[in-house]
Structure formats: structure tokens, C-alpha cells
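Here's a quick back-and-forth about how a few labels get assigned. Have a look at the model first, then we'll go through the reasoning.

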Amino acid sequence: MCWELLDGKEIGALAVDLSSTGLRIERPFVPGLARGAAPLQLEVPGIDEILWARGEPCFDELVPNAGPAGGALGLVRRTGYRLVAAAARDLRMLGDYVFETHRAKLAKEREDRARDDDAFDFRFASCYMRG
């Protein structure tokens, strides 16, 4: 979860991409809110901490979405923020989280690939039965 403070209003959003230097968030489109550098609160998954940072927008786009995420207007607003200010401890925590998550993902992919290589593929076993 992520919250932006825009025009004195706290706007809830979902952080869908996260790096050690920025994030991409998505939320239903609300017309009339100015986009610019914004204070952000970020709940880092698996860690019982709230990270406070100041984000500078890199991009801001509207994407059609007919589902519930699109809100009343059927639009989702995607904004990419570059983190420009935060406590050093919070940035270290975020960097460690991103690194460890990436490392675990690579280890899982290697494990899955090794399991697939070790498994006998029975789709081709019938060719030995042909005469």
C-alpha cells in the first residue's frame, strides 16, 4: 500500500512496481488533483514499518480499466515516482527488501528449472513403444 498527500488530501494507492530508488503506483482516477512532487507513505510488504519519502513524478498516465479498480470513470491513474528524499535508514531498508526479493525470485526460478530438467517428460515416452 502507498499513500500520497496531494492538495492536502491523503490518497490511497497500490504500489505495483518497487525499486530501491522509486515506485509505480496505481489508483482510480480522481479529476482535479494536481500532480507534482508529493510526500509518500509506503508500507513495505513483510516489514512492519512505514517508509516516509518525497517522490518526484517521472510519468503520469491514465489507463482504461472497466473493472472495480477503474472507479466510477473506468480509468486507472499510473504514476511513477523517483524517491528524492527519505531517511537513510528507510532507503537502506527498501534497498535490502528489493535485493532480497529479487534474490529469492531468482533462486525459485533456478529451483523450478532444475526440477523440470530432472523430471522425465512422459509426452515422448510413447515413441519407444512404436514398432
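Q: Why is C58 called exposed or buried in this predicted model?
A: C58 has a relative accessible area of 54%, and the exposed label starts over 50%, so C58 counts as exposed.

Q: What about C2, and why does it get its label?
A: C2 sits at 0% relative accessibility. Buried means under 20%, so C2 goes down as buried.

Q: How many disulfides does the structure hold?
A: Zero. For the count, a pair of cysteine sulfur atoms would have to be within 2.5 Å. In general, a disulfide is a covalent bond between the sulfur atoms of two cysteines.

Q: Why is M1 called partly exposed?
A: Its relative accessibility is 45%, and the label covers what lies between 20% and 50%, so M1 is partly exposed. You'll find M1 in the segment before β1 (2-6). Together with L14 and V16, M1 makes a nonpolar surface patch of about 250 Å².

Q: Why is T79 buried?
A: Its relative accessible area is 1%; the cut-off for buried is under 20%, so T79 is buried. T79 belongs to strand β6 (residues 75-86).

Q: What makes the T79 and R27 side chains a polar contact?
A: The two side chains come to 2.9 Å, and the limit for a pair of N or O atoms is within 3.5 Å. Leaving aside residues up to four places away in sequence, T79 also touches others, including L23, I25, F59 and D60.

Technical notes: Residues are numbered from 1 along each chain as its sequence is written. This is a predicted model: local features need pLDDT of at least 70, side-chain atom pairs count only at pLDDT 80 or more; totals for chains, interfaces and linings use all residues. Side-chain values use heavy atoms; hydrogens and water are left out. Helices (H or I, at least four residues) and strands (E, at least two) are DSSP runs, numbered from the N terminus. Buried means under 20% relative accessible area, exposed over 50%, partly exposed in between (1.4 Å probe, protein chains only). A polar contact is a pair of N or O atoms within 3.5 Å; within protein, one must be able to donate a hydrogen and the other to accept it, and residues adjacent in sequence count only if both atoms are side-chain atoms. Contact means heavy atoms within 4.5 Å. Patches are made of residues with over 30% relative accessible area and no salt bridge: like charges are joined within 9 Å, nonpolar side chains (Val, Leu, Ile, Met, Phe, Trp, Tyr) within 5 Å. Accessible areas come from the Shrake-Rupley method with a 1.4 Å probe; for residues, only the protein chains shown count as cover. A salt bridge is a side-chain nitrogen of Lys or Arg within 4 Å of a carboxyl oxygen of Asp or Glu.
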